[in-house]
Amino acid sequence: MGNNRVNQLENDVLFMDPTEQISIAVKERINKRLSLLLTENDNLLATIKKNRLFFVTADGFSEKKLRHLLTEDMQNDKKASYVLISKDTPSFELLPFLEYSVGGIVSLSFLERYMDIVLKSLLLHEIFLEPSLHLELINEIQKKRDKKRQINRLQLIEESHCIFSEKEMDVLQLILDGYSMNEIARKLYFANSTIATHVGAIMKKLNANDRTTAVRKAIENGLVVAKK
């Protein structure tokens, strides 16, 4: 790793901070707290697998450059763990960097405030994510799960009676279910002309010109829920 990219305070703690977001005082405090934690917890020395911690200011590099640096440094230093520091609350876009030897993602303000918690977690577990990322990670997992679950039915909500008559709701639900005009007439035991009248009223209330647009407008207006 080039000297122009690294400000080394001690042998085991290094900083990649091209825009100098981390003050000298904070860097010195990180070193002191790490030394103190290791002194107070002798068992940590036996469990630590990584010999060096790199604190990297993610905002100081483009995504492409950051990936290149991490890839290059991982090849040259197998004993190093990297902590990505962001100026503001870390974004979900930083999580893919965990595929590298990134053990932590945290904002500078959180690191300064909860330094001992962050450093101890990095030493003991080789991982620390700022709590705000936990919720985003859970939400992302849930989204992926929902995508895998097949939607069985689009169901009209009960509150729709404030807009449609009971018969119109019956007709619209069958439209959502994919039935044709003739099929709807047979299911509801109505003449085709009666169904056409109800469909016309539904179209008018939804400001739609056809069935497809009517379904889309019903979804956009929150009148429909997806059942899985």
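**Aromatic rings**

I began with the rings and noted that Phe-110, Tyr-114 and Phe-128 form one aromatic cluster; rings of Phe, Tyr and Trp (its six-membered ring) pair if their centres lie within 6.5 Å, and planes under 30 degrees apart count as stacked, over 60 as edge-to-face and the rest as tilted. Before going on I recorded that this is a predicted model, in which local features need pLDDT of at least 70 and side-chain atom pairs count only at pLDDT 80 or more, whereas totals for chains, interfaces and linings use all residues. I also recorded that residues are numbered from 1 along each chain as its sequence is written, and that side-chain values use heavy atoms, with hydrogens and water left out.

How many aromatic pairs does the rule give? I find five aromatic pairs. One of them joins Phe-54 and Tyr-82, which are stacked at 5.0 Å centre to centre with 25 degrees between the planes. This pair links distant parts of the chain, since Phe-54 is in strand E3 (residues 52-57) and Tyr-82 in strand E4 (residues 80-86), 28 residues apart; helices (H or I, at least four residues) and strands (E, at least two) are DSSP runs, numbered from the N terminus. Both Phe-54 and Tyr-82 are buried, where buried means under 20% relative accessible area, exposed over 50%, and partly exposed in between (1.4 Å probe, protein chains only).

Phe-110 and Tyr-114, by contrast, form a tilted pair, with 4.7 Å between the centres and 45 degrees between the planes. I looked up the cover of each partner: Phe-110 is buried at a relative accessible area of 16%, while Tyr-114 is partly exposed at 30%.

I then noted a charge over a ring: the charged end of Arg-67 sits over the ring of Phe-97, 4.7 Å from its centre, the rule being that NZ of Lys or CZ of Arg is within 6 Å of the ring centre and within 35 degrees of the ring normal.

**Ile-30 and the cores**

Where is Ile-30 found? I located Ile-30 in helix H1 (residues 24-40). Ile-30 counts as buried because its relative accessibility is 0%. Not counting residues up to four places away in sequence, Ile-30 touches Val-13, Phe-15, Phe-55, Leu-111, Met-115 and Leu-119, a contact meaning heavy atoms within 4.5 Å. I checked one of these partners further, and Val-13 is 17 residues from Ile-30 in sequence and 8.4 Å away in space, C-alpha to C-alpha.

Ile-30 is also, together with Phe-55, Ile-85, Leu-111 and Leu-119, among the residues with the most contacts inside the largest nonpolar core, which has 22 residues; such a core is a set of buried Ala, Val, Leu, Ile, Met, Phe, Trp, Tyr and Cys residues joined through side-chain atoms within 4.5 Å. Strand E2 (13-16), H1, E3, E4, helix H4 (108-113) and helix H5 (115-125) each supply at least two residues of this core. Apart from it I noted another core, of 21 residues, among them Leu-172, Ile-175, Ile-184 and Ile-202.

**Helix H7 and Ser-160**

Helix H7 (residues 166-176) is mostly covered, with eight of its eleven residues buried, including Glu-168, Met-169, Leu-172 and Ile-175. After H7 comes Gly-178, whose phi is positive, near 90 degrees. I placed Ser-160 in the loop between strand E7 (153-156) and H7. Ser-160 is buried because its relative accessible area is 0%, and beyond residues up to four places away in sequence Ser-160 touches Met-169 and Leu-223.

**Positive phi outside glycine**

Glu-20 is not a glycine, yet has a positive phi of about 55 degrees; I found Glu-20 in the loop between E2 and H1, exposed at a relative accessible area of 66%. Asn-207 also has a positive phi, near 55 degrees, and lies in the loop between H9 and helix H10 (211-220), where Asn-207 counts as exposed at 62% relative accessibility.

**Confidence and whole chain**

The chain averages a pLDDT of 81, and 80% of the residues score at least 70; pLDDT is the predictor's confidence in each residue, from 0 to 100. Among the elements, strand E1 (residues 7-10) has the lowest mean pLDDT (36) and helix H9 (residues 192-206) the highest (93). Over residues 1-11 the pLDDT is below 50, although this stretch has 26 contacts in the model beyond near neighbours in sequence. Where pLDDT is low, the predicted coordinates should not be read in detail.

I closed with the totals: the chain has ten helices and eight strands, and buried residues make up 38% of its 228 residues.
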